Amino acid sequence: MADQPYLEVKGVSKTYTLKTIFSGSKQVKALQDISFKLGRGEALALVGESGSGKSTCGRAIAGMFDIDEGDILVNGKSITSARNSKEKRENAQKVQMVFQDPFASLNPTHTVRHHLARPLTLHKRVPEGSTLEQELVRTLEDVELEPDVMLDKFPHELSGGQRQRINLARALAVGAELIIADEPTSMLDVSIRRSILNLMNRLKTDRGITFLYITHDLATAHYLTENTAVMYGGRIVEYGPSDAIVRDPQHPYSQLLLSSVPNAHTRINADFEHARDFSKFADRVRTETAASTAGLKEIAAGRFVRAA
Ligand SMILES: Nc1ncnc2c1ncn2[C@@H]1O[C@H](COP(=O)(O)OP(=O)(O)O)[C@@H](O)[C@H]1O
Ligand SMILES: [Mg+2]
């Protein structure tokens with residue numbers, strides 16, 4: 001089917017149970033009835049402050065734990081019903097995560113060559129008529145690094161931005177079709193954040209890679225993504241075209257997120273601008289957002305907002 005989304009998240013919920021020393025156990029609803037679709041070669045931003053459930057959502061899609069309710073379909077196939085290990089392995093191969101800390105997922109004792117050669121060999125990603133060396137070169141060129149210079153370097157010899165490029169290269173080497181980038185630029189210098197965003201944008205456009213871009217930075221999400229989902233308290237509070245949301249956020253929580261961005265050319269509601277005690281106002285927005293159980297309403301084509 002031509003119009004089948006590449007990724008479909010359907011009513012997904014996940015509750016963590018925390019054992020506490022004094023008060024028994026505590027439940028954290030990390031995801032509450034999350035639904036969205038993402039077309040092949042498109043990108044969706046998941047935006048929200050720390051603790052809103054973004055990483056849990058990303059890890060659920062990567063199949064890193066079992067969800068409590070709902071279903072996740074990759075290329076039309078449910079990852080939760082992948083019964084045998086072959087199916088699970090194929091899912092795991094197509095969906096790759098890139099994390100915030102570009103060092104954490106690289107082994108300090110191995111060179112760039114090893115980090116890329118291993119998945120290329122393991123997943124039989126060297127096509128007939130090509131050699132491992134040619135594929136290594138191609139993979140590094142895909143992330144705009146010079147193969148001659150890079151192949152024999154160790155992670156500590158690379159800059160943060162170069163390491164994040166290697167993490168993206170490794171995802172490509174495995175055969176990723178969907179890359180879940182979990183705050184991939186937040187530990188990088190401001191000056192190179194944009195170049196990593198640009199690279200992901202080119203991988204999307206030129207290589208047809210689908211991206212779930214997790215960030216707390218609502219203002220930059222529209223460089224890479226067609227659509228944005230704003231999350232708070234495990235729920236999506238607003239969903240729609242990224243440029244529309246950044247220009248004209250409708251939900252008070254989206255407005256709150258944008259208000260922390262200097263020079264965001266955004267219409268903030270009057271209530272907000274004139275709030276004398278900003279932090280009290282912000283607390284009220286959070287409390288009311290968390291308490292609301294209203295559903296998402298379509299306010300314009302493709303734009304959804306949860307009633308406050
Ligand atoms: N492994 C875990 N065990 C228990 N609670 C968790 C775990 N991971 C996340 N949480 C909780 O779930 C909520 C959502 O967390 P997370 O998905 O990491 O949010 P975000 O990525 O938006 O910061 C938070 O309240 C967090 O404390
Ligand atoms: Mg996170």
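A quick definition before you click anything: a residue is buried under 20% relative accessible area, exposed over 50%, and partly exposed in between, using a 1.4 Å probe and protein chains only. The model you have open is predicted, and local features need pLDDT of at least 70. Residues are numbered from 1 along each chain as its sequence is written.

**Stop one: helix H12**

Select residues 278-291, which make up helix H12 (helices are DSSP runs of H or I, at least four residues, and strands are runs of E, at least two, numbered from the N terminus). Its 14 residues reach 20 Å from first C-alpha to last, close to the 20 Å expected at 1.5 Å a residue. Now colour Phe-281, Ala-282, Val-285 and Thr-289: these are buried. They share one side of H12, because they cover an arc of only 100° around the axis, going by the directions from that axis to the C-beta atoms. Turn to the other side of H12 and you'll find Lys-280, Thr-287 and Ala-291 exposed.

**Stop two: ligand 1**

Next, select ligand 1 and show what surrounds it (a heavy atom within 4 Å). You should get 13 residues, with Gly-51, Gly-53, Lys-54, Ser-55 and Thr-56 the closest. Zoom in on oxygen atoms of the ligand: one is 3.0 Å from a polar backbone atom of Gly-53, and one is 2.8 Å from an N or O atom in the Ser-55 side chain. For Thr-56, a polar side-chain atom lies 2.5 Å from a ligand oxygen.

Finally, colour strand E1 (7-19), strand E2 (25-38) and helix H1 (54-61), the elements giving two or more residues to this shell. H1 gives the most, with four residues.

Definitions and conventions:
Chains are lettered from A and ligands numbered from 1 in the order in which they are written. This is a predicted model: local features need pLDDT of at least 70, side-chain atom pairs count only at pLDDT 80 or more; totals for chains, interfaces and linings use all residues. Side-chain values use heavy atoms; hydrogens and water are left out. The expected span of a helix is 1.5 Å times one less than its number of residues. A polar contact is a pair of N or O atoms within 3.5 Å; within protein, one must be able to donate a hydrogen and the other to accept it, and residues adjacent in sequence count only if both atoms are side-chain atoms.
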